[in-house]
Amino acid sequence: MTTLLFGGDYNPEQWPREVWAEDMTLMRRAGVNTVTVGVFSWASLEPREGEYDAGWLDDVVGMLHDAGIGFFLATPTASPPPWFTRAHPDAMPVRPDGTRLTHGSRDTYAISAPAYRDAARRIARFLAERYGDHPGLRGWHVHNEYGTIDHGPHAEAAFQRWLQRRFGSVEALNDAWYTAFWSQRYDAWDQVTPPRTTQYLANPAHAVDFKRFCSDEMLAAFTEQKDEILAAGSTAPVTTNFMLPTWNHLDQWAWSDRLDLVSVDHYLDTPGPDGEAHVAYGADLTRSWAGGPWLLMEQSASGIRDGARLAHKDTDRMIRNSLGYVARGSQGSLFFQWRASAGGSEAWHSALVPHAGPDSEGFAGTVELGALLGRLEEVAEPPADGRVVDADVAVLWDADGWWSLETPHLPHDGLDYATEVRATHRALWRAGVAVDFVRSGADVARYRVLFVPSLMATDAATVTWLTQYVAGGGHLVVGRFTGVADEHQRVVAGGYPGLLRDLLGVRVTELRPLADDETRRLNDGATCDQWTERVHLTGARAVATYTDGELAGLPAVTRRDDGPGVAADGATRLVQESLDRFVAGLLAEHGVQAVVPAAVGTGLEAVRRRGAHGSYLFLLHHGDRPLRVTGPGHDLVTGAATDGGITVRAGGVAVVRETAGSDGPAPHWLLEPA
C-alpha cells in the first residue's frame, strides 16, 4: 500500500558520525520513513573539481536502509562549493546594478554559465550512476528552490537567443516592446541586455519577457539534470521543490508538465489565524499544478517568521497544518530539517529534533505526528482517476499575471497579484468549499464558478477561453484591472477592460485609485478600498453602485446575463469581509455547498479527500471550544466510530473514513457544542 511520507531534510555532513547512529534510533522512535539527503552537500561530495568522494554518503544511505528509512537524493547544485567560485568567477550571478556576487551563501550561481551547467550535469550523472538503483531511493530531488536571477553576460547571451526564438526578428520585438517610447528602438539582437539598473523606469514588456526567459532558462537547467539521471538508467521519480509564498520566478504550469512528482516548500507568513487559510492556499495551488497527489517537501516544525521575530508554532498547530496539506492531496509531511543545525546561517531554523534534543516538547510533538501519520496510511492511496479533491469552483493562476503587476509605475503601487488571488481563495476557504486552481485554456466546463481575481495582461487565446466558458453556462467573476493590456503589456485602447469589454459588457473610461486612508460604501452594504473606476454599461447591469464619493450612483460591481452563462466584473476592491459576503452569495446562487455546512464559522475546518477505497473527512479544529461531530464513519485518529458522535477538542483533529464511498452521496454531518 502507498504510505504517507514523514521526515525531512537530513544533513549528516554537519555532524560527527557518532550522531548518525543516534539519528537512526530517533528516526525509528518518531516513525520517520523518508529523509532528503544531499541538498547542500556539493563541497562534501566533490571536494575538488572532478574529484568525487561519496564514501560518507554510502555509509549514510546504508544506515538509512538498514533502519527501514527511504530517501530522496538531492543534486546539490543550489550551493556550489568555494573551489567552483575560484575556478569560474564568471559563473557567479550579477545583480541588476552590476554587482557580481561572490561565494558565501547558497544560491550563488549564474544559471546560464556554461561552467555551472556542465558541473551540474556531471554531479547529477555521478550520483545517478552510483545510487540510481538503490532499493531505498524514493526519488530524485533536483536542485533546491530554483529562483536565482542573473543579469550578467551569460544571461545576456542566453536572453538574446531566447528573444530570437520568441520574436523571430528585431522588428517584431520593437513592435511588441513599444520601443518607440523613449527612443528605445533596437537595431540588432546584441543591443538587448537583461533589464538592469537604469536612470528611471524600465520598459515593462522588457521586464516581463526577462522573467519569462528566466523561468525557461531554469527549467532547461533542471531538464539537463533530469536527462542525466534518466540516461544513467534510474527509474525513480524526479522532482524539484517549488517555493511559496512571497516570491515567484517560475511558470509552475510549464514546470509541472516536466516533473514526475510535484513538490513544494511552504512556510506560513503569519502567526495569526490567517496561517490556516495560507496552508489551504499553498496546498490547493500545488495539488492543482500536479493534477492530483503531490508532496509537501518542506515546512517548519515550530517556527513562523513574523517580521523581526521568529514566532513559535506549537505541536497542535504543526499537526493541524500537516494534516491540512495531506487533506488536500499531499502524500506526506516533510520538514526542513531533521536536526537543528548547531551553526551556520540557519542555526535558528526550527527542526524535528530541536537544539534541546530528544528530551523536549518539540521532539515529543515529532513523535506524536509520526504516530498519527502511521494511523492514516490508507489515506495515501489515490483513487483510480487521480482526483483527490472534488471542487465546483476554480481560480485562475497565471505566472504572467504575477509578473505583470511587478512592473513599475502602475496606477497604484498596491496592486499585487498574490494579494488579489489570496483574498479570493481566503473567501472561498472561509465559506468551507473545495477549490481548484486552473491555467488558461484548461477544461473548466465542470466548474460552476470561475474566478479571475487579477490578470492585467491578457492574450486573445485567454479571452476566447473565458468567452467559451461563459457561453457554456459558467459564471465568470473578473477582478479589477484585468484585461487592460495585451500579453506584451501594451494598453488596449478604447476603454478598459480592453480585450474583455465585450464579454463583460462594460466600458471603463477612468481609473480612480483611492488614497490609503480612503474607502467607499456600496448600496448593498459592502465597503471597498484602494480602487474605483468610472464604468459605462454596454450590455451589463449594475449589481452594486457607489453611495459616496465622486462616483456616487455609478456601477461598482456589474453583471452580464446574456446567454446561458454570466460574466461579472468588479470595478473596485472589496475589503475582505465584503468579499466574503459577495462570494458566499455566489456560492449559494449556484448551489455550491460547504464540505460540512454546519462547520462554517465554528473554527472547524472540514476537507474531504478522495481515496482508492472511499472518502476521508479531515476535521481540523482551529477554534477554542470543543465540538461534537456526528456522522457515518470511523475516526482513524482515535479508532472510534463516529455514528454516535465524537468530540473534537479545541486545537485537535479527526480523520474520518466515511461510510459512503467516494462516488456516493456526501454523508450528512451534524455539529454541536461538546
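Contact here means that heavy atoms lie within 4.5 Å of each other, and in that sense Glu224, leaving aside its neighbours within four places in sequence, is in contact with Arg117 and Arg121. The structure is a predicted model, and the points below treat its aromatic pairs, its charged and polar side chains, two helix crossings and some backbone features. A search of the whole structure finds 27 aromatic pairs, and one of them, formed by Tyr281 and Phe437, is edge-to-face, with 6.1 Å from centre to centre and 80 degrees between the planes.

**Aromatic pairs and the ring cluster**

- Tyr281 belongs to helix α10 (residues 274-290) and Phe437 to strand β13 (residues 435-438), so their pairing ties together parts that are 156 residues apart in sequence.
- Tyr281 counts as buried because its relative accessibility is 2%, and Phe437, at 3% relative accessibility, likewise counts as buried.
- The ring centres of Trp397 and Trp402 are 5.9 Å apart and their planes stand at 65 degrees, which is over the 60 degrees required, so this pair is edge-to-face.
- Trp397 and Trp402 are both buried, and ring pairs link these two residues with Tyr146, Phe222, Phe242, Trp255, Trp289 and Tyr417 into a cluster.

**Tyr417, a member of the cluster**

- Tyr417 is found in helix α14, a helix that spans residues 417-430, and at 1% relative accessibility Tyr417 counts as buried.
- When residues up to four places away in sequence are not counted, Tyr417 touches Leu396, Trp397, Asp398, Gly401, Trp402, Leu405 and Ser454.
- Asp398 also takes part through its backbone, since its nitrogen is reached by the side chain of Tyr417 at 2.9 Å.
- The C-alpha atoms of Tyr417 and Asp190 are separated by 33 Å, and these two residues are 227 residues apart along the chain.

**Charged ends over rings**

- Arg422 lies over the face of Tyr281, at 5.5 Å from the ring centre.
- The charged end of Arg339 sits over the ring of Trp15, at 5.5 Å from the centre of that ring.

**Arg117 and Glu224**

- Arg117 is found in helix α5 (residues 114-131), whereas the place of Glu224 is in helix α8 (residues 204-231).
- Arg117 counts as buried at 11% relative accessibility, which is under the 20% limit, while Glu224, with a relative accessible area of 22%, is partly exposed.
- Not counting residues up to four places away in sequence, Arg117 touches Ile111, Ser112, Glu217, Ala220, Ala221 and Glu224, and a polar atom of the Arg117 side chain lies 3.0 Å from the backbone oxygen of Ile111.
- The side chains of Glu224 and Arg121 are joined by a polar contact of 2.9 Å.
- The C-alpha atoms of Glu224 and Ala124 are separated by 9.2 Å, although the two residues are 100 residues apart along the chain.

**Helix crossings**

- The axes of α10 and α14 come within 10 Å and cross at roughly 105 degrees, and that angle makes α10 roughly perpendicular to α14.
- The contact between them is made by Asp274, Glu276, Ala277, His278, Ala280, Tyr281 and Asp284 of α10, together with Val421, Arg422, His425, Arg426 and Trp429 of α14.
- Helix α6 (residues 153-167) packs with α8 at an angle of about 100 degrees, with the axes 10 Å apart, and α6 is therefore roughly perpendicular to α8.
- On the α6 side of this packing, Ala155, Ala158, Phe159, Trp162, Arg166 and Phe167 meet His206, Asp209, Phe210, Arg212, Phe213, Asp216 and Glu217 in α8.

**Backbone features**

- Most residues other than glycine have a negative phi, and most peptide bonds are trans.
- A cis peptide bond, with omega of about 0 degrees, joins Phe336 and Gln337, and the place of Gln337 is in the loop between β11 (330-335) and α12 (361-375).
- A cis peptide bond with omega of about 0 degrees also joins Tyr496 and Pro497, with Pro497 placed in the loop between β15 (475-478) and α16 (501-504).
- His409, in the loop between α13 (399-404) and α14, has a positive phi near 65 degrees and is exposed, with a relative accessible area of 61%.
- Gln530 has a positive phi of about 70 degrees although it is not a glycine; Gln530 lies in the loop between β18 (527-529) and β19 (533-537) and is buried, with a relative accessible area of 10%.

Definitions and conventions:
Residues are numbered from 1 along each chain as its sequence is written. Side-chain values use heavy atoms; hydrogens and water are left out. Rings of Phe, Tyr and Trp (its six-membered ring) pair if their centres lie within 6.5 Å; planes under 30 degrees apart count as stacked, over 60 as edge-to-face and the rest as tilted. Helices (H or I, at least four residues) and strands (E, at least two) are DSSP runs, numbered from the N terminus. Buried means under 20% relative accessible area, exposed over 50%, partly exposed in between (1.4 Å probe, protein chains only). A charge sits over a ring if NZ of Lys or CZ of Arg is within 6 Å of the ring centre and within 35 degrees of the ring normal. A polar contact is a pair of N or O atoms within 3.5 Å; within protein, one must be able to donate a hydrogen and the other to accept it, and residues adjacent in sequence count only if both atoms are side-chain atoms. Axes are lines fitted to C-alpha atoms, for helices over the stretch in contact, and angles run from 0 to 180 degrees between N-to-C directions. Angles under 35 degrees count as roughly parallel, over 145 as roughly antiparallel, 65 to 115 as roughly perpendicular and the rest as oblique.
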